[in-house]
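Reader: Take me through this model. I want each label tied to its criterion.

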Protein chains: 2
Amino acid sequence: MISLAEENYLKNIYKLSEKNSGAVTTSSLADALQINAASVTDFVKKMAEKKMVTYQKSKGAMLTEAGKKIALKIIRKHRLWEVWLVNTLNFKWDEVHDIAEQLEHVNSDMLIERLDNHLGNPTADPHGDLIPDAKGKFIKDRSKPLLKCIAKQKVKFIGVAEHSNSFLQFLTKNNLKIGDELFIERIEAYDQSFHLKINKKTKKVFSKEVVKNILIVLA
Amino acid sequence: MISLAEENYLKNIYKLSEKNSGAVTTSSLADALQINAASVTDFVKKMAEKKMVTYQKSKGAMLTEAGKKIALKIIRKHRLWEVWLVNTLNFKWDEVHDIAEQLEHVNSDMLIERLDNHLGNPTADPHGDLIPDAKGKFIKDRSKPLLKCIAKQKVKFIGVAEHSNSFLQFLTKNNLKIGDELFIERIEAYDQSFHLKINKKTKKVFSKEVVKNILIVLA
DNA sequence: AAATAAAATTAGGTCAGCCTAATTTTATAC
DNA sequence: GTATAAAATTAGGCTGACCTAATTTTATTT
């Protein structure tokens, strides 16, 4: 059996190792979990004994294959529940995270596979994050930050790199939704702000900070 | 905040006091929760301090209004989730209990009210158990055990008084479902077995043990 | 390379929620 | 109404998952 705490550790180790590959440091984990670093050291050692992670003193933790499998399952569940909450119960994309954080720990393979089917086997959640399949495989991710694009490109908004409610609400307020077509009219050289035309209609300007968190594919 | 343990205690105290009204004994709670009686005594005292229950030494526990409210909310959630599992994900009625036991602890008023609406505000779960509304009120229950009926009555199967998988599977195997019309052709005086005609077609005989756990309303 | 700062670890402690064993209280039988 | 059985409680302990404070290790600066 895997405890709630273990599930949260595994999930966060996975997410942190996704960003900065290599071992996940004690402090970054402590920060992500909002738990004291001393507690993290302790817990990670126990997880190493259970072969969920490998741990090297003062270097950090890395998921084993077994640990990664569990982490991916939790992420799969979280994102499937988010799809359900938004598509079926009409929650907004900035309202679903806390609920999905609870639902992701519900343990039933049958449930999750039926939910997946019921939702039509979605490959991405409402924020554009990819959903691993039952075997833990993702579809190939072709997205990149809008910031990496050049002027005059036509792209499609498919996800966000920042999941804070404030950012999601900012996008909503600016009427920017996943699926929107964006045309880059101009990039201001001085501050890298992007002058966009949205869905061939509205013109808007967004700062570098915003643009780096908008994920797109070329259209 | 209410812990998982507290929620389970409250739910079980409610259910036990429903059956045998009056204070819930330590041993019955211990039995229901599969927890040592000494632990129950301890825990119930702490809950009394928090005003979730009243507790009298060696007599047992009773829910306060506050405790009852929490218990009813958990029962509401459990039963709504069961409806969802059966109606939307096509689970069978003997498969949903363990999953609903987990889902009932997910905490979000918005979620539960939206789920309720999405399901069409059901008043009973797949076993015929009534679902309290958001205020904790039940619709009036007019059901009684089939065993209390007399010969030649026409009744409708609306619920079960026993929720074990073996009983549910027994009914399924005998093709008996909620909503079925039952006509009591004869009651065997010797052993009180019931000779039924189901939906005006199939004839079947059921023992007293079965019949006392079938809840019906007069048709 | 020594000094300092930051990160990680060790040692010792707390609290929730359980346990067993021993004792006390309540109920039941003779 | 005393003996016995059953139920409940008390006392003391354990484990998981956290904490703080002190120490050690690693990284950074000069």
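Author: By class, 8 nonpolar, 9 polar and 2 charged residues make up the surface near DNA strand D. Ala, Val, Leu, Ile, Met, Phe, Trp, Tyr, Cys and Pro count as nonpolar, Asp, Glu, Lys and Arg as charged, and the others, Gly among them, as polar. This is a predicted model: local features need pLDDT of at least 70, side-chain atom pairs count only at pLDDT 80 or more, and totals for chains, interfaces and linings use all residues. Residues are numbered from 1 along each chain as its sequence is written, chains are lettered from A and ligands numbered from 1 in the order in which they are written, and side-chain values use heavy atoms, without hydrogens and water.

Reader: What makes a residue "near" DNA strand D?

Author: One of its heavy atoms must lie within 4 Å of the strand. Of the 19 residues around DNA strand D, those that come nearest include A:Asn36 and B:Lys45.

Reader: Why is the pair between A:Ser39 and DNA strand D called a polar contact?

Author: The term needs a pair of N or O atoms within 3.5 Å. An N or O atom in the side chain of A:Ser39 is 2.8 Å from a phosphate oxygen of DNA strand D, so the pair qualifies.

Reader: How do you know how the two copies are related?

Author: A turn of 180 degrees and a shift of 0.0 Å along the axis lay chain A on chain B with an RMSD of 0.1 Å. The copies are thus related as by a two-fold rotation axis. The superposition is by least squares on the C-alpha atoms of residues with pLDDT of at least 70 in both.

Notes:
Polar contact = N/O pair within 3.5 Å; in protein donor to acceptor, adjacent residues only side chain to side chain.
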